[in-house]
Each structure stands twice: as structure tokens, then as C-alpha cells.
Amino acid sequence: MAEKIELEIVTPEQLLFSGEVEEVVVPGSEGYLGILPGHAPLLSELQIGVISYRRDSQETKVFCSRGFVEVLPDRVSILAEAAELPDQINVEQARAHQMQAEQLLRSDDPDTDYAQALLDLREAQIRLDLAEQSTAT
Amino acid sequence: MPGGNVRDVRRRVRSVQNIQQITRAMKFVAASKLRRAQDRIFSARPYANRMLAVLNSLAARANPELHPLLVQRDGDKVMLVVVTSDRGLCGAFSSNIIKAATRYIREENINETISLTLVGRKGADWFRHRPWPVRHEYVNIMSRVDLKYAQEISRSIIDYYLAGELDAIYLVYNEFKSVVQQNVVIEKVLPIQRLDFDDQEEVLLDHIYEQPPSVLFDHLLERHVETQVFRAMLESEAAEHGSRMTAMDAATRNAKDMIESLTLRMNRMRQTSITTEIIEIIGGAEALVEDK
């Protein structure tokens with residue numbers, strides 16, 4: 001496992017990660033994509049989910065919400081609209097969003113944007129799961 | 001009347017002192033705003049730079065027919081998005097931008113085809129009286145730079161470009177270099193610029209697109225223009241506070257010099273008048289003695 005690929009995760013708020021890794025898994029909009037060094041050039045949108053990367057055999061998980069990934073044989077650039085390390089996740093806020101979204105989904109107001117509410121709910125749940133996992137270990 | 005004159009000078013000293021108080025307060029306000037603006041631009045830069053890098057490499061490799069925003073047109077229908085400040089008292093901040101924009105128009109010889117989008121009151125006020133058509137004006141948004149304005153501006157830019165109304169769009173803004181230095185930048189937003197590769201083989205390498213390229217490019221390019229506009233606004237905001245801080249610091253220092261020289265003059269005048277009075281009294285007393 002000498003081969004490495006350069007990974008960069010940036011969001012409008014911060015440069016979250018920059019360094020060499022052995023493997024990256026990203027939530028492409030058509031499903032999760034595993035990327036190893038020497039991958040063919042690829043461009044994809046990202047959906048809400050979890051990015052995980054392995055560095056020195058240590059796996060790190062990162063929450064990510066939409067954005068793009070560009071893969072080149074020696075470099076992966078992730079431009080996420082939002083991305084947070086497990087300890088950066090605001091659990092209370094995520095819980096509040098979850099409640100809010102659930103309430104919206106239950107309401108019978110015809111103007112409710114169900115698709116958006118579902119996305120919000122998903123986002124909140126993934127955040128909470130990830131935060132929980134990291135505190136469990 | 002020498003005595004009255006001293007009072008006039010004292011009044012001037014006091015008014016300069018008042019001005020100094022204001023400039024000093026403005027300097028401190030600018031400094032604290034600058035800190036916040038600086039944090040924002042520093043954290044926004046990596047994303048914007050990465051986005052630009054991805055777009056450039058993409059534009060070089062991808063087939064231009066995949067998306068209308070990738071097509072390079074040679075027309076001369078150019079629009080400048082000129083970012084100035086809403087408020088004055090920040091040195092040559094806005095006039096530098098205005099100068100750079102007008103010089104650009106003259107040098108490129110696009111007097112007939114140019115149009116403008118103005119961000120910030122200073123630029124809007126100045127260009128209102130010039131012959132070039134103004135498409136949009138955004139005034140009073142620089143005190144609270146918000147992504148939603150950047151989105152609005154970028155939407156209109158993209159619409160014009162897609163409709164063929166414009167062939168190229170540039171941003172003109174002050175880049176935040178350091179607290180005391182701003183750089184005027186003229187930057188091309190559309191069409192997306194191609195990266196030059198030394199290695200031709202690398203160019204031939206095209207991407208696998210996970211989604212239909214037209215959908216993917218739609219989203220990506222929209223996001224890209226938005227990011228660049230937003231970044232320019234944040235740069236300009238930070239640069240403006242920096243520029244105001246320097247200007248107000250200089251003003252405070254000038255006020256101090258002025259107070260010193262006025263006080264000196266005032267004291268000298270007071271002394272002269274006292275001396276004259278003493279001489280007069282002595283002269284009067286001697287005259288009385290001689291009379292006896």
C-alpha cells in the first residue's frame with residue numbers, strides 16, 4: 001500500500017482536509033464511490049452522506065451535504081456545500097432540525113415542500129448517526 | 001485686535017480636535033470590522049480557488065459542446081461587474097476601481113459595446129453620469145455581504161451569457177492583500193478559461209461523468225459563478241475596511257500635526273499680545289515719571 005492519492009475537502013466555510021490518503025469513499029448522487037490511487041478521471045455530484053477516507057490505515061468519516069467531486073489519477077477534490085467532522089457536528093441543532101422536518105412531514109398543509117423536508121430529515125439523521133458513532137468508539 | 005485672533009485660533013484647534021475624535025473612532029470601528037471580514041475571506045478562499053482549479057482543468061478537457069458556458073466566443077459585448085464601496089472616507093479605494101474600469105474600457109476599445117453592473121454606491125454614483133449603459137445596480141449591500149446577492153448577480157450574468165447578449169463578463173474589485181494593501185483585480189468570470197497544458201496527452205484525458213454532463217455542468221457552472229462573485233464581494237469588503245483603517249489613521253495623525261501647529265501659533269500670538277501690552281504699560285509709566 002505504498003500508493004497514495006491526494007485528497008482535498010473544501011467547503012465555503014473551511015478547508016476541512018488536505019493530505020495524502022490511501023482510499024476515499026464519497027457519496028455520489030448515483031451511489032457511493034470508492035476511489036483508489038490511479039482512478040480514471042471522473043466528475044460527479046455528491047448527495048447527502050458520509051465521506052470516509054483512510055490514511056495510514058486509519059479511517060476518518062466526514063459528514064457531507066451536496067457538492068461535487070473531481071477525481072484525477074493523482075488527486076481528488078471534494079467541493080462540498082457543507083462538510084463536518086464528527087466532533088464539529090452540532091448535535092442539538094441537528095436534533096432540532098430533525099424534529100422540525102418530522103413535524104413538516106406530518107402536517108397536512110398542501111404547501112409543504114415534502115421533498116425538501118425529506119432531505120432535511122435525512123441530513124439531520126446522518127449527522128446524528130455520525131456524531132453518535134464517534135462518541136461510541 | 002490680537003486678543004480676538006487668539007480666540008479664533010483656539011476655536012479652530014477645538015474643531016480639529018473634534019474631527020480627530022471622529023476619525024479615531026472610525027479607525028477603531030474599521031479595525032474591528034476588518035477582523036471579521038478578514039476571517040470570512042480567509043475561510044472562503046480555499047473553496048473558491050479549488051473550484052476555479054477544477055473548472056479550469058475541466059474546461060480544458062471537456063468537449064465545449066457539452067455546455068453553452070464552456071463555449072468560447074470572440075465577440076466584444078463585454079460586461080464589467082464593478083465592485084466599489086457604499087460609503088466614503090476610505091481613501092482611494094473606490095476611485096482606484098473606477099479608474100481601472102475606465103482605463104480598461106479605453107484600452108480594449110469597447111466604448112460602444114460595453115455594459116456595466118455596479119455593486120456599491122460609489123461606483124453607481126460615478127457611472128450614472130457616464131455614457132455606458134448600466135444593467136444592474138446594487139447599492140447598500142456591502143455593509144452586509146450576503147450569498148443571496150452573489151446568487152442574484154450570478155444568475156443575471158449567466159442568463160445574459162446564455163442568451164448571447166454578452167460575450168464575456170469580468171469582475172473588477174479590490175483584492176485584500178493585507179491590512180495596508182489592496183490590489184485592483186480585473187478577472188474574467190465567463191467564459192470559463194481554459195488551462196494550458198504543456199503535456200498534450202493530459203488534455204486528451206476526458207472525465208467519466210456520473211450524471212448526464214448537461215445536468216452536471218448546469219449545477220457546477222452555476223455554483224462556480226456564484227462562488228467567484230461572492231468571493232469578489234468578500235475580498236472587496238475586507239479591503240474596504242483595511243483601506244478605511246489606513247485612511248482614518250492618516251487623518252488622525254494629520255489632525256494631531258495640525259493641532260500642534262495651531263497651538264504653537266496660538267501661544268505665540270498670546271505671548272506677542274502680552275509683550276505688547278507690557279511694553280505699552282511700561283511706556284505709559286515712564287511717560288508719567290518724565291512728566292513729574
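Which residue forms a salt bridge with B:R223, and how far apart are the closest N and O atoms? I began with this pair, keeping in mind that the model is predicted.

**Entry 1: B:R223 and its partners**

I found that the partner within the chain is B:E226, with the closest N and O atoms 2.7 Å apart. I noted that the two residues are three places apart in helix α6 of chain B, and therefore about one helical turn separates them. I looked up the accessibility of each. B:E226 has a relative accessible area of 6% and is buried. B:R223 comes to 13%, so under the 20% limit it also counts as buried.

I then looked across to chain A. The side chain of B:R223 also meets that of A:E81 in a salt bridge, at 3.4 Å from N to O. I recorded that B:R223 thus takes part in a salt bridge with B:E226 and in another with A:E81.

**Entry 2: the interface of chain A and chain B**

I next looked up the interface as a whole. On the side of chain A, 25 residues are in contact with 22 residues of chain B. The two chains bury about 2100 Å² between them, and 65% of this area is on carbon and sulfur atoms. Of the area that chain A buries against chain B, 30% is supplied by A:L43, A:F68 and A:L79, more than by any other three residues.

I turned to the polar side of the interface. The rule finds two salt bridges across it, and ten residue pairs are in polar contact between the chains. I listed the elements of chain A that give two or more residues to the side touching chain B: β1 (5–10), β5 (42–46), β7 (58–72) and β8 (75–84). Strand β8(A) gives the most, with five residues. By class, I recorded 13 nonpolar, five polar and seven charged residues on this side of chain A.

**Entry 3: A:R127**

Is A:R127 buried or exposed? I found a relative accessible area of 10%, and so A:R127 is buried. The residue lies in helix α2 of chain A, which spans residues 114–136. Leaving out residues up to four places away in sequence, I noted that A:R127 touches A:F63, A:E84, A:I89 and A:A94.

One of these contacts is a salt bridge: A:R127 pairs with A:E84, the closest N and O atoms being 2.8 Å apart. A:R127 is in helix α2 and A:E84 in strand β8 of chain A, so the pair ties together parts that are 43 residues apart in sequence. I looked up A:E84 as well; at 16% relative accessibility this residue counts as buried. The pair belongs to a network of salt bridges that links A:R66, A:E84, A:E123 and A:R127.

**Entry 4: a further pair in α6 of chain B**

I recorded a salt bridge between B:R253 and B:D249, with the closest N and O atoms at 2.8 Å. These residues are four places apart in helix α6 of chain B, and therefore about one helical turn separates them. B:R253 is partly exposed, with a relative accessible area of 48%, and B:D249 is partly exposed at 24%. Over all chains, I noted a count of 21 salt bridges.

**Entry 5: the nonpolar cores**

Which residues of the largest nonpolar core touch the most other members? I found B:V119, B:I157, B:I169 and B:L190, in a core of 55 residues. The elements that give two or more residues to this core are α1 (2–61), β1 (78–83), α4 (147–162), β4 (168–178), β5 (181–190) and α6 (213–291) of chain B. Helix α6(B) gives the most, with twelve residues.

I followed B:I157 further. Beyond its neighbours within four places in sequence, B:I157 is in contact with B:M79, B:V81, B:I169, B:L190 and B:V229. Apart from this core I noted another, of 22 residues, with A:L16, A:F17, A:L42 and A:I51 among them.

**Entry 6: B:G164**

I closed with B:G164, which is placed in the loop between α4 and β4 of chain B. At 26% relative accessibility B:G164 counts as partly exposed. Setting aside neighbours within four places in sequence, I found B:G164 in contact with B:R73 and B:K77. The C-alpha atom of B:P46, 118 residues away along the chain, is separated from that of B:G164 by 32 Å.

Conventions: Residues numbered from 1 in each chain as written. Chains lettered and ligands numbered in written order. Predicted model: local features only at pLDDT ≥ 70, side-chain atom pairs only at ≥ 80, totals over all residues. Heavy atoms only, no water. Core = buried A, V, L, I, M, F, W, Y, C linked by side-chain atoms within 4.5 Å. Buried < 20%, exposed > 50% of the residue type's maximum accessible area, 1.4 Å probe, protein only. Contact = heavy atoms within 4.5 Å. Buried area = accessible area lost by both parts, 1.4 Å probe. Salt bridge = Lys/Arg side-chain N within 4 Å of Asp/Glu carboxyl O. Polar contact = N/O pair within 3.5 Å; in protein donor to acceptor, adjacent residues only side chain to side chain. Nonpolar A, V, L, I, M, F, W, Y, C, P; charged D, E, K, R; others polar.
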